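Visitor: Could you walk me through how the terms used here are justified? I would like each one set against its definition.

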There are 2 protein chains.
Amino acid sequence: MAGIPIFETKVLPEWIDFNGHLRDGYYGLIVSFAIDALMDRVGLDAAYRARSGCTLYTVEMHMHYLREVHRSDTVAVSARVEGADHKRIHATFELRRFGDPGVAAIAEAMLLHVHQAGDAVATAPFPAQVSAAVAELQAASAALPAEGPGSRRMGLRRPT
Amino acid sequence: MAGIPIFETKVLPEWIDFNGHLRDGYYGLIVSFAIDALMDRVGLDAAYRARSGCTLYTVEMHMHYLREVHRSDTVAVSARVEGADHKRIHATFELRRFGDPGVAAIAEAMLLHVHQAGDAVATAPFPAQVSAAVAELQAASAALPAEGPGSRRMGLRRPT
């Protein structure tokens, strides 16, 4: 597992599409749940959100779909913190099927810490404890091997 | 609407997360349904899939989340075909809330035509009729204005 184990889920029957395996959109839902788990891990949990009025918004996500995931599979997600600043976390998530060492999908996400007050949403700095927890995960991630291919500009022809 | 109208959906109550609006993963599910609609539009519909054993796989997706989408919203998706070759379609999808001209999210997807025979999956060329339909959508797309920001390498620091 190249990353920090963060989330697991059974594949639900309604996530299977006409191609006979996990619909592309549901790979993203699994990543979304893994982001929730990452939030819990660094102290951005429900109690923090209720107390502070702050939360994470996903502002960008890149997904590579590498292997089919089937109806009977359980998917394990590991996370890496690639970078962070006072209000953002850049994280990578790898999805694997139980019993298959190959990576089924890789998602990169940029996550932004915001304060919500009704319709007024403003970016907000992380509390020191959260920044420390994120830095700890980033250090742990740096010690682990990374899977490719990473994000990039999309296109049928790419500059060489 | 900067693109070809392709799909609409009400936001389902179970798509709303603890932040009080559409969960990031469900933006991707809406894009997934829009890809189905694009497939129907170019002749890669259920009858074609049953007859040919061929379908589209999503191999890569980039999403920018630009605006919150709320419980009572209906989301309209427009598509642009940015490029295509004998087996791939590079398409962009713009999501808008009914009554709001702003783009709520932009997704870019790379779609690959494959033949499925049990576990053996191989890329396959599009039939001529499908290629013609894709080319027609590409020409129509080129005549329409594009929204930014497009896909890119993700990171907290970018080369200038």
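Visitor: Let us start with a pairing: which residue in β2(B) is the bridge partner of A:His64?
Guide: In β2(B), A:His64 has B:Glu60 as its bridge partner. Please keep in mind that this is a predicted model, where local features need pLDDT of at least 70, side-chain atom pairs count only at pLDDT 80 or more, and totals for chains, interfaces and linings use all residues. Residues are numbered from 1 along each chain as its sequence is written, chains are lettered from A and ligands numbered from 1 in the order in which they are written, and side-chain values use heavy atoms, without hydrogens and water.

Visitor: What makes β2(A) and β2 of chain B a pair of strands?
Guide: Strands pair if DSSP finds at least two bridges between them. Five bridges join β2(A) to β2 (residues 54-65) of chain B, and the two run antiparallel, so the definition is met. Strands here are DSSP runs (E, at least two residues), and helices are runs of H or I with at least four, numbered from the N terminus.

Visitor: How do you know which relation links chain A to chain B?
Guide: Superposing the copies by least squares on the C-alpha atoms of residues with pLDDT of at least 70 in both, chain A can be laid on chain B with an RMSD of 0.0 Å, by a turn of 180° and a shift of 0.0 Å along the axis. That is therefore the relation of a two-fold axis. Within chain A, A:His62 comes closest to the rotation axis, its C-alpha lying at 2.1 Å.

Visitor: Why can we say that the copies meet through the same surface?
Guide: Because 100% of the interface residues of chain A are also interface residues in chain B. Taking contact as heavy atoms within 4.5 Å, each side is easy to list: 44 residues from chain A and 44 residues from chain B. In chain A, A:Glu60, A:Met154 and A:Leu156 lose the most area to chain B, together 21% of what that side buries. Buried area is the accessible area (1.4 Å probe) lost on putting two parts together, summed over both; between these chains it is about 3,800 Å², with 51% from carbon and sulfur atoms.

Visitor: Why is the link between A:Asp36 and B:Arg23 called a salt bridge?
Guide: The rule asks for a side-chain nitrogen of Lys or Arg within 4 Å of a carboxyl oxygen of Asp or Glu. Here the closest N and O atoms are 2.9 Å apart, so the pair qualifies. Two salt bridges are found across this interface, and the structure holds 14 over all chains. A:Asp36 lies in helix α1 of chain A and B:Arg23 in the loop between β1 (4-10) and α1 (24-41) of chain B, so this pair joins two chains.

Visitor: And what makes A:Glu68 and B:Tyr57 a polar contact?
Guide: Their side chains are joined at 2.7 Å. A polar contact is a pair of N or O atoms within 3.5 Å; within protein, one must be able to donate a hydrogen and the other to accept it, and residues adjacent in sequence count only through side-chain atoms on both sides. A:Glu68 sits in the loop between β2 and β3 of chain A.
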